[in-house]
Amino acid sequence: MHINEQLQAAELRVELGDRSYPIWIGSKLVERLGELCLSKQLSTKSPMMIITDTHVEALHLSTAKQSLEAAGYRVAVHVVPAGESSKSLSHLEACITTALEAGLDRKSAVVALGGGVVGDLAGFVAASYMRGVRFIQVPTTILAHDSSVGGKVAVNHPLAKNIIGAFYQPEMVVYDTSTLLTLPLREVRAGLAEMLKHGLIWDQRFADWCLEHADELLSLREEVLQYGLYAGCAVKAQVVSKDEREQDLRAILNLGHTIGHALEAVGQYGELLHGEAISIGMIGSAMLAERLGEAADILPYTRRMIEAFGLPTQIPASYDTEDIMSAMMHDKKFSEGEMVFVVPTAIGKVEIRRDVPVALVREIVDELKGGARG
Ligand SMILES: O=C(O)C(=O)C[C@@H](O)[C@H](O)[C@H](O)COP(=O)(O)O
């Protein structure tokens, strides 16, 4: 890990020319948010807005706000209900109302203090308010090590996830790992699903490391967690730097998401957490790999991994196969009449396939509902 001595935090960079930005990962960084915003020359003359949710409000809002105010910022706050349903057009409008009432102008910045839902919503507020103001990601969940990096910002439509959005990069990602230590176990597991994904798509050694450190990750040993988040963010930063707007390579970050997003939509974004849905989806992709004749160890390895982290491997029996298939057709991963699937070809390697027969996908969905195979 590269350590920034002054901050006593690990540091990575997303290389995107003049829009490159740092990711800092360390303990107690929310206390230093004001100082970090000054270091990025964010204006103290224009008001800022923190967007957060009801869970994070109680835990970390006052620390963040005090730090910004001590650095000379005027801070407005908008709080949304915790949960995926806040990623909606109505909440976007409410955030913009708060921004207007607080007098945010084109030199203002939006701070996303929270998990993936807050980051995606606040990022889209920043991208659209006055056609774009600066924004800062301050992730407070493990899952957000994926969503806070790379500039995908969006809200959902009732028929499809992340369908109204933009690519809009933050100024910096300030990842305070002490905020993760109070996460409920279900959130911890779901967040780690994205870490497993980073190993499975890019780096077998990292995948093996995750398996070996499952207990320490699940029990939130901060130094182990910091390394896992650093390695996961490093995968993400490399992929995004090579293909910011998902022309080709970046699609690999969608491993497990073709089925996963459909499950979230069928569960009306309330039943399965994102990480749970993509865990089932990653099993589905490994089943697909098996049917397409890829390496025989992929399915048992993926299953072992998902199970080691206590994540689900089956689709809830009440979900209708045709509803799932139809949700897949509304996703961004369906285009020109074809579904895009990320299929593992070995542990740590994947390829993007557009030739997967719909009948085979339907068969796998049915099997994922009916129980384990392989
Ligand atoms: O950053 C990316 O690129 C990803 O695909 C990361 C995903 O894990 C992310 O969580 C999200 O679900 C992307 O879905 P998309 O359909 O909006 O691409």
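A residue counts as near a molecule if its C-beta atom, placed from the backbone, lies within 6 Å of it. In this predicted model, domain 1 (3-182) and domain 2 (185-370) both give residues to the shell around the ligand, so the ligand lies between them. The bounds of the two domains come from an automatic or database domain assignment.

The shell holds 13 residues, of which G150, K152, N162, L253 and N254 come nearest to the ligand. Two elements, α5 (144-147) and β8 (152-157), give two or more residues each to this shell. By class, the shell has 6 charged, 5 polar and 2 nonpolar residues.

The two domains also meet each other directly. Their C-alpha centres are 25 Å apart, and 30 residues of domain 1 are in contact with 32 residues of domain 2. On the domain 1 side, β2, β3, α5 and β9 (160-167) each supply at least two of the touching residues. That side consists of 16 nonpolar, 9 polar and 5 charged residues. Helix α5 thus appears in two places, giving residues to the shell around the ligand and to the side of domain 1 that touches domain 2.

The next feature is a sheet. Its 8 strands form an open sheet with mixed pairing, in the order β1-β2-β3-β10-β7-β6-β4-β5. At its edges are β1 (3-4) and β5 (75-80), each paired on one side only. Strands β2 (residues 9-14) and β3 (residues 21-26), which both supply residues to the domain 1 side of the contact, are antiparallel to each other and pair over 5 bridges. Within this pair, A10 stands opposite I25 in β3.

Helices pack on the sheet. Helix α3 (residues 89-101) lies across β4 (48-53) and β5, and runs at about 160 degrees to β5. Helix α4 (residues 116-128) touches β4, β5, β6 (109-114) and β7 (134-139), and its direction makes about 170 degrees with that of β6.

Two loop residues deserve a look at their backbone angles. Most residues other than glycine have a negative phi. M130, in the loop between α4 and β7, has a positive phi, near 50 degrees. M130 counts as partly exposed because it has 14 C-beta neighbours inside 10 Å, a count between the limits of 12 or fewer for exposed and 20 or more for buried. E246, in the loop between α9 (222-242) and α10 (257-266), likewise is not a glycine and has a positive phi, about 55 degrees. With 17 other C-beta atoms within 10 Å, E246 is partly exposed.

How values were computed. Residues are numbered from 1 along each chain as its sequence is written. This is a predicted model: local features need pLDDT of at least 70, side-chain atom pairs count only at pLDDT 80 or more; totals for chains, interfaces and linings use all residues. Helices (H or I, at least four residues) and strands (E, at least two) are DSSP runs, numbered from the N terminus. Ala, Val, Leu, Ile, Met, Phe, Trp, Tyr, Cys and Pro count as nonpolar, Asp, Glu, Lys and Arg as charged, and the others, Gly among them, as polar. Two strands pair if DSSP finds at least two bridges between them. Two residues are in contact if their C-beta atoms, placed from the backbone, lie within 7 Å. Axes are lines fitted to C-alpha atoms, for helices over the stretch in contact, and angles run from 0 to 180 degrees between N-to-C directions.
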